[in-house]
Amino acid sequence: MHNNQQKTDSDGAVEIAGAGIAGLTAAIVLARAGRQVVVHEAQKEVGARFGGDFQGLENWTTREDALQSLEALGFTTDFTALPCYNGTAFDPAGNRYEIDTREPLFYLVERGPGPGTLDDALLRQAQSLGVEVRFNSRLRQMSGDGILAAGPKAADAIAVGYHFETDMENGYWVICNDELAPKGYAYLLVMNGRGTVKSCMFSGFKREQHYVQRTVEAFQHLAGLEMRNPRKHGGCGNFRIPRSAYAGRHPMVGEQAGFQDTLWGFGMRLAVSSGVLAARSLLHGENYDRLWQRELKPQIETSVVNRVLYTLSGSLGYGWFLKHFISRSDIRETLRRQYQPSWSKRLLYPWAKRRYRSQRNDVSCNHVDCNCIWCRGDCCIPD
Ligand SMILES: Cc1cc2nc3c(=O)[nH]c(=O)nc-3n(C[C@H](O)[C@H](O)[C@H](O)COP(=O)(O)OP(=O)(O)OC[C@H]3O[C@@H](n4cnc5c(N)ncnc54)[C@H](O)[C@@H]3O)c2cc1C
């Protein structure tokens, strides 16, 4: 066969598997540097696994504002983003703590296809720079330059609940209680007449519906949750620190690499950062492992320590944390410090690493005769 006949129509282009945040941000950086880019997306649209979900773009890991950081990196902020200054947290006993920050603690953004979503804004920016996005295109092999951005490959945590319409005011509410969300937290987010209520659990997947039911009841009682037209929604997160974030010679970004906030699952900014680093590694011939290990690994290791401390603290610890930190300090600054690598966290990391176990081994889910979100396949599109 002649060489030309073996070539595909994306020859010469950088191929990216996955039009999530990580894949699209990588595509944008590459396209702006003049590279031809083809993004393959297995689904028929962007953000298919989120479909109208609300998520928090955290604003505490950097002093610089999260939206300004995006702009400084050259990404659009042309999506609906609700700055969240005030919210309410509850401890397991139902005690209420008002959260009040000088800067937004996070920005509430919508995920999925459609106007105003983060995914749609990144898609439009990528396309305007000449990136070709092929939908219903599941990439199975790459021959030339490429980036793997195909999302989570395991369920270390799941967030399950409902999307709904409501007359409630905009806002956010959180409950730290293992009876509602084992080793995690329950949350309620409302933006512009729509909302999501979820149990984000790090264990107990098998009893997912039980925890969702309790979460809904708790928010009805504590926050006056009102849902119209509730639709079930859930997804999973994959948290790990890989030895190498190369698959063969291709960089992996976002959750495909396991890059996540191991404490609470705020993975969007890590998806952006890793997308940028992978693109730079291709553009400048730099070693991607060296880049992410320098820029991202210390923060992710710190989050592993935070996760282990959070898990061990249990119900008593959640109450103590809320009482001492939320009500008495600027929680944004407190969280920023807790997420920063420090000598004490570095010292604790080897201990935390031994204690942190992927919840894939969660004894409550043996993946046999199980209808949890992971086993249903709602979170990852099976190959
Ligand atoms: C319910 C839920 C709530 C969350 N809340 C928050 C939050 O509040 N704040 C926060 O920061 N983070 C949150 N996260 C985490 C955050 O959504 C993720 O960390 C982030 O979206 C990961 O982006 P990604 O690009 O790595 O992967 P994804 O967004 O999963 O994108 C991967 C894409 O690749 C496609 N794909 C898969 N295989 C292939 C293939 N072979 N070929 C082509 N395409 C393929 C998929 O269809 C998908 O579109 C939440 C996650 C869930 C599930």
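**Around the ligand, and two helix pairs**

Sorted by class, the shell around the ligand holds 15 nonpolar, 15 polar and six charged residues. The model is a predicted one, and the ligand makes a handy place to start looking around. Of the 36 residues that surround the ligand, the ones that come nearest are Gly20, Gly151, Gly235, Gly254 and Gly267. Several elements pitch in with at least two shell residues each: helix H2 (21-32), strand E3 (53-58), strand E14 (228-237), helix H6 (254-257) and helix H7 (268-284). Among the contributors, E3 gives the largest share of the shell, with four residues.

How far can the model be trusted? The average pLDDT for the protein is 90, and 90% of the residues reach a score of at least 70. Residues 1-9 are another story, with a pLDDT below 50 and, beyond near neighbours in sequence, one contact in the model. Residues 379-383 also stay under 50 in pLDDT, though for this stretch the model has 14 contacts beyond four places in sequence.

Now for the helices. Two packed helices are described by the angle between their axes and the distance between the axes. H2 and H7, which each supply at least two residues to the ligand shell, also pack against each other: their axes come within 7 Å and cross at roughly 35°. This crossing is right-handed. On the H2 side, the contact is made by Ile21, Ala22, Gly23, Thr25, Ala26, Val29 and Leu30. H7 answers with Met268, Ala271, Val272, Ser274, Gly275, Val276, Ala278, Ala279, Arg280, Leu282 and Leu283. By class, that contact of H2 with H7 comes to 13 nonpolar residues, four polar and one charged.

The other pair is helix H9 (residues 297-326) and helix H11 (residues 343-355), whose axes come within 8 Å and cross at roughly 65°. That angle is why H9 counts as roughly perpendicular to H11. As for handedness, the crossing of H9 with H11 is left-handed. Which residues of H9 and H11 meet here? From H9 come Glu301, Thr302, Val304, Val305 and Val308, and they meet Lys345, Leu348, Tyr349, Ala352, Lys353 and Arg355 of H11. Sorted by class, the residues of the H9 contact with H11 split into six nonpolar, one polar and four charged.

Notes
Residues are numbered from 1 along each chain as its sequence is written. This is a predicted model: local features need pLDDT of at least 70, side-chain atom pairs count only at pLDDT 80 or more; totals for chains, interfaces and linings use all residues. pLDDT is the predictor's confidence in each residue, from 0 to 100. Two residues are in contact if their C-beta atoms, placed from the backbone, lie within 7 Å. A residue is near a molecule or strand if its C-beta atom, placed from the backbone, lies within 6 Å of it. Ala, Val, Leu, Ile, Met, Phe, Trp, Tyr, Cys and Pro count as nonpolar, Asp, Glu, Lys and Arg as charged, and the others, Gly among them, as polar. Axes are lines fitted to C-alpha atoms, for helices over the stretch in contact, and angles run from 0 to 180 degrees between N-to-C directions. Angles under 35 degrees count as roughly parallel, over 145 as roughly antiparallel, 65 to 115 as roughly perpendicular and the rest as oblique. A crossing is left-handed if the near helix is turned anticlockwise from the far one by less than a right angle, and right-handed if clockwise.
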